[in-house]
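Reader: I am new to protein structures and would like to learn how to read one. Could you walk me through it, step by step?

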Amino acid sequence: MTPKTVVVAGNTAAAHIAYRTDEVCAIYPIAPSCPMAELADAWAAEGIRNIWGQIPVVQQMESEAGAAGALHGSLQGGALTTTFTASQGFLLMLPNMYKIAGELNSCVFHVAARAVATNALSIFGDHSDVMSARMTGFGLLAASSVQEAHDLALVARAATLEGRIPLIFFFDGFRTSHEENTVTLIPDEQIRAMIDDELVRAHRARALSPEHPVLRGTAHNPDTYFQAREAAHPFYEKMPGIVQKAMDRLATLTSRQYRLFRYSGHPEAERVVVAIGSAIEVLDETAAWLGANAGEKVGVLQVILYRPWDGDAFLAALPKTTKAIAVLDRTKESGSPGEPLYLDVLSTFAAAFSRGRIAAMPMVVGGRYGIASKDFDPAMAKAVFDELKKPQPRNGFTVGIEDDVSHTSLAVERGFDIESADSVRALFYGLGADGTVGANQNSTKILASEPGRYAQGYFVYDSKKSGSYTISHLRFGPKPIRAPYLLKAANFIGVHKFDFLFKFDALAPALPGATVLLNSPYNAAEVWDQLPREAQQQIVDRRLRLFVIDASKVAYSLGLGSRTNTILQTCFFALSGVLPRAQAIAAIKAETERTYARKGKEVVKKNFEAIDEALANLFEVKLPAKVTSTLRRRSLADGAVPAFVRDVVDPILTLRGDEVPVSAFPVDGTYPTGTTKYEKRNIAEQVPVWDPDLCIQCGQCSIVCPHSVIRAKTFAANGADGAPAEFKSAPINARGYPDSRYTLQIYVEDCTGCGVCVENCPSHSPVDAAIRAINMKPRLEQIEAGRKSIAHFEALPWADRSRVNFANVRGVQFLQPLFEFPGACAGCGEAPYLKLLSQLFGDRLQIANATGCSSIYGANLPTTPWTKNAQGRGPAWSNSLFEDNAEFGLGYRLAIDRQTELARSLARKLAPQLGEDLVRALLEAPQVTESDFEVQRRRVAELKAKLAAVSGDDAANLLALADFFVRRSVWCVGGDGWAYDIGYGGLDHVLASGQDINILVLDTEVYSNTGGQASKATPLGASAKFAAAGKRSPRKDLAMMAIAYGNVYVAQVAMGANSEHTLIAMREAEAHHGPSIVLAYSQCIAHGIDMRFGMKQAARATASGTWPLFRFDPGMRQRGMNPFRLDSPRPRIPLEEYRKNEVRFNALALTHPTEARHMLSQAQLALEEKYRNYEDLAARDGSRFLPHWEDI
Amino acid sequence: MPTLSSRYLGLDLAHPVIASASPLSASFDGMRRLEDAGAAGVVMASLYEEQVRFEDTRYATMTEYVAGSNAEAATYFPELPDYRHGASGHIETLRRAADALDIPVIASLNGISDDGWLDLAVELEQAGAAALELNICLVPTDFRITGADIEQRYLDIVRHVKSRIALPVSVKLPPFFAALGNLVEKLQAAGADGVVLFNSIPRTEIDLDAFGVARSAALSSAGDIHLPLLWTTLLSGCVRLSLAAGGGVDGHADVARLLLAGADVVATTSALLRHGPAHLTALVEGLDGWLAENGFQSVAEIRGRLDAAHCGRPDMSMHSEYARARMLADFAFLDSARTAGS
């Protein structure tokens, strides 16, 4: 039979084998391995069976440590078990991996290899995670391509069963895991033929069973542990042979032959590069080119089985003529004499030489490349081969960066291009929400659908969650595509948002004569004058052909919203000529139907209309012979910006981040705050416009704005002097300020256009209910007015914090947000809480942020929304891990308390020199109100001034510690994945510690950042990944668990339901001398709602009783009162009224109405019972609660 | 004991009272409750093509607009393997009800487009519906559309649907046609197996507080029975197709009235919504009692006994006073029959 050829990503290719050859998958979501687990879950839901006719079980755990534990247990139970993981998650499995390997449990860990967080987190690919497992006793087997991710997964599965050594099967995160390429699938019968059932039975026979009981997991004393450790050694000796045998068997079945070490290149090569992973294909192609075009004797050695290392096989694979070797490692091992592979190669030669098995040592050097998915292309590969020509090649080199600090980097010849002329290269710049990536994934499938045609797709994403860009790199051709690197040159460039031409050099990769497709609001006659001069120059110089279509308009008219994908995809096929037009249209329609069939006919129909409309609206632009534009591409560097913004932020924003040299970066991961304000992303189509006449100055629009683009100030009447006409204000409507005015400023260019402010405005026009005191208008009409008005607004001082009424929303609108313009989703439900936190406590706020959405929009380069006030104070922020955030924050507290105590004791000691009154005031300051803080800061300033005149170590030490006299506000911030699941143990410990620490849980009830997997906060009946048929257990009542301690301040809030309540709870939590936790309802795109109405939906959550508002204040218990206050009224709408608006609930009702209804009624009953419990608590008298811990 | 068995759209029913499409028949449990309450058949809540389109678009929009924009999360929702379109759940509910219930489950469809009518009709047939009721509702807001256009649309829909499915098909009609009898004859010629008299028209209200127009589903009340009575009497005996009548049925006497007028079955909604599904039992038992009290042996015996039997007569509109007087006399017979026997 002819094997089936498909276009799939590496994750799919590997998961296909894992699913068919395993029975249990114990997993936890982490990029870039998520798709493997999600596919397994989806296949199980579809009823797809493994080769034994069973549907594997996919079990999500609370963490990777938990997944490893479950996997270990499953292996001990005799099931064929696997996991899918990467990076930090993989590291959490390490302790268990020693056990699993120590017990010789057959299994394969499928790893999309990813960088481990060091000075910064990176979700991208390198080998630093898998290399950290070298000591565990696992074997390591690596794939270099999507096909290998498929084939070698099966080799791994077969070999581990025979050899009993567990294997880490890995491939490069993103570069291979997410690259779509043509793959020949192994038919199930061949998979079946690779797996020996006798070995499966042997695996089962080793399982624990009371029928033939044994004991594992013993403890040994010094007399025996060592010997027992050596007992398994022969298995490692045999394993390479077993792996090779499995490779040979695969070759017999598929004709694809693999070797432990695969050499390619000149048979008498003198220079050889050794590497693992996707770099191999780049090196192979480059070596072949150098051999064919420059007559160079070069070769490449691919390491497939890295552990157990077979030195003899390595030496045997190398040409005997080899004189110089460069070993490339995709990891950095600081302080080591070299990276792991380099040391292995070196020691292999050294051992062979010392035993006389080789006559001379070749020159062996090591180098680093491709860290965190840094692109590795033929120019870099050539630089490595060239380096080996030198008499003394550099050891410990880097390639792909400019290292102007340690000067390790090799010079790379930019523009070196070895790609075949018969391949089509196309580059598409898409907007996050326009569907470009999905369309291009379809395009690769279309183009590789016929025999003899091959396609590759790779997709690059911005880190913003709103208004982000995507870049699709597509190659098509008559030969298999072995080019795992980004396109540097393209025959076709699609610019799917006009503004991109002003943001970065989108046309730079255009080859002479290339075709450019521009999604343009300007027609073919108008567009030339609207282009930036730089783009015009490129078009003229390279004789590019330019086509325009107003795809956004076409999409909108067809009811497709922002989804321009099908339209632009059709244009691409029409223009690129990769297929005859009629054939292309038919193929697009067929693929569209396949893709959208599950979304319903209506969606298919609209996309068909889009295909037909696309060609009717596509026009070629008649190009002038010379450049005429006066418009220029924007650059932050043109304005007055800090050096960091000029040298680092701007290059990253303009897609030149690869060019930023090492010296531009801090040595320890420390970055300045307050950088989002320079971006001016201009991503909103519409922005809010304030109507002072209708406004009641309530502050609701401001408090709900997730992006801090709505700000209020009051000023004396003369503050309007010199104001531009565009600056708006109104008399303040608070009593007692007859001469003051109120102004509300919209930061037009920073707005995401979510519209939450408008929906939350309570003031309607008496003549037209659709008009409110704030209304959406086209951004383009507001930019100039906004700029002028903002300039005046920023010159006005912020309100004196000591005079602001912190007790209500109307008051806090006047506090400066120290969290602004995050790249969070438009209408994000989390961000308003963080902004409020920054307004209330920002100038003394220290945040521990768990990994997740808030750490990405909070701290993903190039910019951060956390910022400073005019005095230079603001939130200090750090991220440790996903799982340890509460402990991390507790560490802050311990350090602060310890140093504060030291400062206090030094102050007492130095009181005679400093003045008794000052010291007493410093030590006894109450520090509750803003006035208290203001006075205390003055005292600290006075203290510092006095200390400058005092000599001695004590004075110097106190000066270093003086800032600790201002009470710090320590907050641990994170999502429910952290608080309920992976970090729960630590969070619980911190709550039990009694320490003065605050915890803010941005509770979206799902893992948002990794794409909507169920957490223990996910409600009963909600559909989420790994709970597609609806979660069957109720949401964990974390609040009640915290209340059980008695001394923890606990609040459950929902800004959309009651912003005043949120405000009070956050202030009470902060003021509580002890642990506090605030659970904040956070609407999310993973709920499947129109985010514009997110706050309304939060209000429905509370109204239905599924999210009641309450506070538990131990301080009230101390005063003899009931500490539990139920702050929202009894449920007044049925749960269904709330749930029907969200896809996570109603999708299930669309497919399984009976089950959905059943779960809905269960959830309704559960919430009623829960509410009754809360009411019981609220009705008790204070004596019926645990005594306050301080009273015990 | 009188024999209650009846026949509607070729379906043999235990008695002539069926539950018409309503929220009560939207779920499997609801239809089960109606069966338990004694319905002879149930018309499942209408599947609205408009609703299917809306759900498709909403589902696609909500799941797609955030997809493919983030390196860490390609999507935010699980694939729903059983989701084919916004009607998947409705179809699944019908399939379960058709499998599990002993009474016939009649599907009801409200389409918009030609494709919608046809494709969804086929799906409903494949899911096991015993018959299909076409819930056609055309409100010509475009004033260029004539009454003839509307009638033609009805006929086209029936022809198209009948050409694709083998199920018996009934058409639920609103009462507001200039020449309803003529239309029913044409529907019969187009292949309709029955008509349902009548569809309720959504109620339009103006909310003075909200300063807006609101539309709500209208429940019929006891006085509304006269229109179905009128047209049942007029159609009975003149057309071959099945007649279902409803709208304003409150007690068993109304059931008897409609049967006497010529209805094959009596469909009830509002009374069940008002009194609960158990009211069905009261209707059937009441009918049984009335038949027995009045000495009737079967429903067949009274069906159409008091129809207008006007077939072949001159245009009724010319004799409206006569017809009215005749009918008033006929209905008075009910009361006299109760006391005097047949």
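**Where the two chains meet**

Author: Gladly! The contact between the chains takes 46 residues from chain A and 42 residues from chain B. Keep in mind that this is a predicted model.

Reader: Which elements of chain A give two or more residues to the side that touches chain B?

Author: They are the helices α2 (34-46), α15 (436-447), α22 (601-616), α41 (1143-1151) and α42 (1153-1179) of chain A. The largest share, five residues, comes from α41(A).

Reader: And how many residues of each class are on that side of chain A?

Author: Sorted by class, the side of chain A that touches chain B has 19 nonpolar, 18 polar and nine charged residues.

**Chain A as a whole**

Reader: How should I begin with a chain such as chain A?

Author: Begin with the inventory and the overall dimensions. Chain A contains 42 helices and 35 strands. Its C-alpha trace spans about 90 × 85 × 75 Å along the principal axes.

Reader: What does the radius of gyration of chain A agree with?

Author: The idea is to set the value beside what a compact globule would have. For 1192 residues that would be near 32 Å, and chain A has 32 Å, so the two agree. Burial is another thing to look up: 54% of the 1192 residues in chain A are buried. You can also look at contacts between residues at least 6 apart in sequence; in chain A, 77% of these join residues at least 24 apart.

Reader: Where are the domains of chain A?

Author: The domain assignment gives domain 1 (5-209 + 235-254), domain 2 (261-399), domain 3 (424-620), domain 4 (671-815) and domain 5 (1004-1191). Note that domain 1 is written as two stretches, 5-209 and 235-254. Between the centres of domain 3 and domain 4 of chain A, taken over C-alpha atoms, there are 39 Å.

**Reading a sheet**

Reader: In what order do the nine strands of the open sheet in chain A stand?

Author: When reading a sheet, follow the strands from one edge to the other. Here the order is β1-β8-β17-β18-β16-β19-β20-β21-β22 (chain A), and the pairing is mixed.

Reader: Why is one side of β1 and of β22 of chain A left without a neighbour in the sheet?

Author: β1 (5-9) and β22 (619-620) of chain A stand at the edges and each has a single partner strand, so one side of each has no neighbour in the sheet.

Reader: How do I read the pairing inside this sheet?

Author: Take two strands at a time and ask about their sense. Strand β18 (residues 469-477) of chain A is a good place to start. β16 (residues 424-431) of chain A pairs with β18(A) in the antiparallel sense over eight bridges, and A:Ala426 stands opposite A:Leu474. β17 (residues 454-461) of chain A also runs antiparallel to β18(A), joined by eight bridges; there, A:Val460 stands opposite A:Ile471. For the parallel sense, look at β20 (residues 510-519) and β21 (residues 545-549) of chain A, which pair over five bridges. In that pair A:Leu518 stands opposite A:Val548.

Reader: Are the residues of β18(A) buried or exposed?

Author: Nine of the nine residues of β18(A) are buried. A:Tyr469, A:Ile471, A:His473, A:Arg475 and A:Gly477 point one way, A:Thr470, A:Ser472, A:Leu474 and A:Phe476 point the other way, and all are buried.

Reader: Which strands does helix α6 of chain A lie across?

Author: Helix α6 (residues 146-163) lies across β1 and β8 (180-184) of chain A, and runs at about 45° to β8(A).

**A second sheet**

Reader: What is the order of the open sheet of three strands in chain A?

Author: The order is β24-β26-β25 (chain A), with antiparallel pairing. β24 (710-716) and β25 (730-731) of chain A stand at the edges, each with a single partner strand, so one side of each lacks a neighbour in the sheet. Two bridges pair β25(A) with β26 (residues 740-746) of chain A, and A:Pro731 has A:Arg741 as its bridge partner. Helix α26 (residues 783-795) of chain A packs on this sheet, touching β24 and β26 of chain A, and its direction makes about 135° with that of β26(A).

Conventions:
Residues are numbered from 1 along each chain as its sequence is written. Chains are lettered from A and ligands numbered from 1 in the order in which they are written. This is a predicted model: local features need pLDDT of at least 70, side-chain atom pairs count only at pLDDT 80 or more; totals for chains, interfaces and linings use all residues. Two residues are in contact if their C-beta atoms, placed from the backbone, lie within 7 Å. Helices (H or I, at least four residues) and strands (E, at least two) are DSSP runs, numbered from the N terminus. Ala, Val, Leu, Ile, Met, Phe, Trp, Tyr, Cys and Pro count as nonpolar, Asp, Glu, Lys and Arg as charged, and the others, Gly among them, as polar. Two strands pair if DSSP finds at least two bridges between them. Axes are lines fitted to C-alpha atoms, for helices over the stretch in contact, and angles run from 0 to 180 degrees between N-to-C directions. Domain bounds come from an automatic or database domain assignment. A residue is buried if 20 or more other C-beta atoms lie within 10 Å of its own, exposed if 12 or fewer, and partly exposed in between; C-beta atoms are placed from the backbone. The radius of gyration is taken over C-alpha atoms; the globule rule is 2.2 Å times the number of residues to the power 0.38.
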